[in-house]
Protein chains: 2
Amino acid sequence: MKLENPTPIEWKFSERAEQLQSSAIREILKVTMRPEVISFAGGLPSPETFPVERMQAAFDKVLSQQGKSALQYGPTDGYAPLREYLADSLSVNGSQILPEQILMVSGSQQGLDLLGKVLVDEGSKVLVETPSYLGALQAFSVYQPKFESVDTDEHGLIPASVAAKGEGARLMYALPNFQNPTGRTLPMERRVELVETCARMGIPLVEDNPYGDLCYTGEPLPKMLNMNPAGVIYMGSFSKVLTPGIRLGYVVGPATLIRKLEQAKQAADLHTAQLTQMVVYEVIKDGFLGQHIPTIRTFYAKQCQVMLDAMSQYFPQGVEWTRPEGGMFIWVTLPRHIDSNQLLAEAIQQNVAFVPGAPFYANNPETNTLRLSFVTVSPERIHEGIKKLGTLIRSKL
Amino acid sequence: MKLENPTPIEWKFSERAEQLQSSAIREILKVTMRPEVISFAGGLPSPETFPVERMQAAFDKVLSQQGKSALQYGPTDGYAPLREYLADSLSVNGSQILPEQILMVSGSQQGLDLLGKVLVDEGSKVLVETPSYLGALQAFSVYQPKFESVDTDEHGLIPASVAAKGEGARLMYALPNFQNPTGRTLPMERRVELVETCARMGIPLVEDNPYGDLCYTGEPLPKMLNMNPAGVIYMGSFSKVLTPGIRLGYVVGPATLIRKLEQAKQAADLHTAQLTQMVVYEVIKDGFLGQHIPTIRTFYAKQCQVMLDAMSQYFPQGVEWTRPEGGMFIWVTLPRHIDSNQLLAEAIQQNVAFVPGAPFYANNPETNTLRLSFVTVSPERIHEGIKKLGTLIRSKL
C-alpha cells in the first residue's frame, strides 16, 4: 500500500513565501531558553501579572452556564457582548465607536496580516517608522510592499516626513505609545499633525496600541482613533493587560474596511474561539482591568527603573538609550562602529541575551542598535546582566 | 482635538481583496437563525456530542497546575506533547510520522490559508474536486489561482482526470472521506491511483480529513498520507470529533514544507493558543477519543438514516441523492431545470433552509444541486422539513 521509492517532491514555493523568514527574535529566543541565560531578548509580558485564578473561574463559569454555545462555531466578527463592551470603552472625546466597527482577531498579529492582505498589493507603498515593530514588517512583507521608512527623532515619528514621503501610500503603520522597539511615545501635537496629514493625503493610519495602557505615571495620551474615526485603524490587544497565550485582539475602523477584513478573516480561520472571547468578557465586564492594569504599571515601572539605574552605573560613555514612560522596552544606541549582532554572539557566550536592532528597520538598518526588555528578569539578574553587557561594550571602545 | 469634517478615505483594496466574498453559507446561516426555521444549511456538528464536562475539567486542571505557562506566548509549531501524540497516532502501516512534520493551526481552515499563501502564486494551477469544499475554494481564491476542476463520479474524484489535467499544478486538493459537500468516499483503489499519479507528476496532494473518523460502520479507509508521506499534506481537525469552537487543527507534511508553513503562521498569528492545545492534550491523551467517537458515529448514522428515509418517502422521482457512509452531508441533484437558488428563496418562505450547490463549484456550477446537513435537526423536524421540500420540488416538475 505504501509507494515504493516515490520521487521526493521538489517544493516550488510561492514568490511571497520565498522571501518569508523566521523572526530573528524567535530564533534568538530558542537559544536563550537555557535557565542560566539572563535574557533581555524576550517580548513576553511577565507571567507574574497574569490573573490566572480569575481566568480559571471565568472558564468554569462560562463552560458551566453556556458550555455548548461557547464550544460551537461562532460569528466571524466576534462575540457580540465583548464587541459592544469594547465599542463603549473606545467611545470617548465625542467620537462614538459602534460595535460593527470592531472585528475580533486571534491576537493583533492577525490584524496586521489581515490588513496586509486587504490593503497591500505587490509594490504598494507602505509607510513605517524608523525603526518599527518587527512583527508588523514580517506580516506586511508577505504581501510584497515597498516599505518607505518615515524619519523619527527622540520623540518618535516626524509627521512632516509622512507629508514628504507619503504620496500614494496604502497605509501608515504607527505605534504611538511606548513603541516596540524604542519605547518612545509620540507627543500630543505630533498625533494631531499625523492624523491631519494622513487625512489630507487619504492615507489610512494604523494605530497599533498593545502597550498604551502600560504608562508608568499619569494617564495614556488620547488615541488617534478618536481624532478621526473615519481615517484611523486602531489595533488593540489583551496580550499585555491580561495574558498573551489566549491570542485575542481586535481591529477597529470604518465599517467598509471592517467588512472587508471580516471576509478575509472568514477565509483565514473562520472565527476566533468563542470560548476565549466569552471568558475575557466575563473577566473584564465589571471593570477588572481598572484595578488590574495599575498593578502591572507599578511592577513594570519598577523593573524599568532598575534597568535604567544599572545602565547608568555600568554602561560606558558614548552609549545612548531611551527612557520609556511606559511599556516593556529600552532602545540602546552604541558607538557607530559596534555591530550589535557580533556583540550578541559574545554576550551569549557570557549567558546574556538581547535583540539586535537591525531587523526592526525596513530599510538601511542601523547595526549599532539593540533592544532590551526588562519585564521578566529579576532586579538582581538585571544588574548582573547589564554589568556584563557594560563590560563587553567597554572592551570594544 | 477631533478633526473637523475630515475627507472620508476612499478605500483602495488590494486586488486579492476585491474578489473576496462572504461565504454563501454564512450568509444563509444568518437568515436561518430564527428558531422556526428548519435548517439543513449548517455545517455545524451537533452540540449534543460536545464533551463539555470533560473539557471543563481539563481547563481546570491545566490552569491549576500550569496556569502561567498555559497563558504565556508559546511556540509557533505548537505544544510539543500534543504534536508527539498526533505523530504517534498517525504512524501506521509502516510509515513513521515525526513531530517535526506537524504544525498546529487555529482550525484547519487556517491550514488551507497557509497552504495557499505558501504554494500559490497568481495564476497557479490548483486542482480541486467537482464540487469541492467551499471554505477551501475561498481560502485559495485569495491567492488568485486558476482552478482546474477534476472530474468526479458517484465514487468521488477520478484519478485519470488528474493525470489529464494536472500538468504543472501547484497542488491537488482532495477530501476523500464523506466529502463536504457530497458525502462521497473515495474507494481504496482510487486512493492508491491518486497518490501514484500525484507522486509521478510531482503534484503535492492535500488530503483534508475533518470527517474521516465519522464512519457509520467498520473502520476508516487508510490515509493517503501513509501511502506517501513525502508527497501528501494531511489536514486534521478536532472540530468534528471534539468541538469546533476551540479552533484547533493540524497540518502534517514533509519537514521542508512544514518549516515554510511555520514561518507563514508566525507572520499570520504568532501561534495557536497554548492553553487550548494543553487542554485538548489533557482530554485525549488517555484514549478518550476511542470511546467518544463511536457515540458520535452512532448518533450521526441514525440522523442520516432518518433523512434518507424521509427523502425516499417525500422526494419525487427524478431527484437523486448520495447515500453517505459517514460524515454530515447528503448531496441532492434535482432535475436539470430546477435552480436550487430559486428553490431556496421559496423554501425559506416556508421556514426550511439548505445550501444551494453552485458555490461549491470552482468552474461551471451545476445549479440544480444542493447540500443537506442532518446532524443538528431532530428526527421529527427532519421529516417535516423534507416533506415540505418534497412538496416544493414536486410543484416545479
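Okay, let's start in chain A, where strand 2, residues 102-105, pairs with strand 10 in the antiparallel sense, over four bridges. Before I go on, keep in mind that this is a predicted model.

So who sits across from whom? On the strand 2 side, the bridge partner of A:Tyr250 is A:Met104. Strand 10 has another neighbour as well: strand 9, residues 232-237 of chain A, pairs with strand 10, again antiparallel and again over four bridges. There, A:Gly236 is the residue standing opposite A:Tyr250.

Now, the faces of strand 10. In a regular strand, side chains alternate between the two faces of the sheet. Which residues of strand 10 lie on each side, and are they buried or exposed? A:Gly249 and A:Val251 are on one side, A:Tyr250 and A:Val252 are on the other, and all of them are buried. In other words, both faces of this strand, residues 249-252, are covered.

Let's hop over to chain B for a moment. B:Arg394 belongs to helix 13, which covers residues 379-394. This arginine is partly exposed, because it has 14 other C-beta atoms within 10 Å, and buried would take 20 or more. Compare its position with B:Tyr133: the two are 261 residues apart along the chain, and their C-alpha atoms are separated by 29 Å.

Last topic, the two chains together. Chain A superposes on chain B by a rotation of 180°, with 0.0 Å of shift along the axis and an RMSD of 0.0 Å. That is the relation of a two-fold axis. And both copies use the same surface: 100% of the contact residues of chain A recur in chain B.

Conventions:
Residues are numbered from 1 along each chain as its sequence is written. Chains are lettered from A and ligands numbered from 1 in the order in which they are written. This is a predicted model: local features need pLDDT of at least 70, side-chain atom pairs count only at pLDDT 80 or more; totals for chains, interfaces and linings use all residues. Copies are superposed by least squares on the C-alpha atoms of residues with pLDDT of at least 70 in both. Two residues are in contact if their C-beta atoms, placed from the backbone, lie within 7 Å. A residue is buried if 20 or more other C-beta atoms lie within 10 Å of its own, exposed if 12 or fewer, and partly exposed in between; C-beta atoms are placed from the backbone. Helices (H or I, at least four residues) and strands (E, at least two) are DSSP runs, numbered from the N terminus. Two strands pair if DSSP finds at least two bridges between them.
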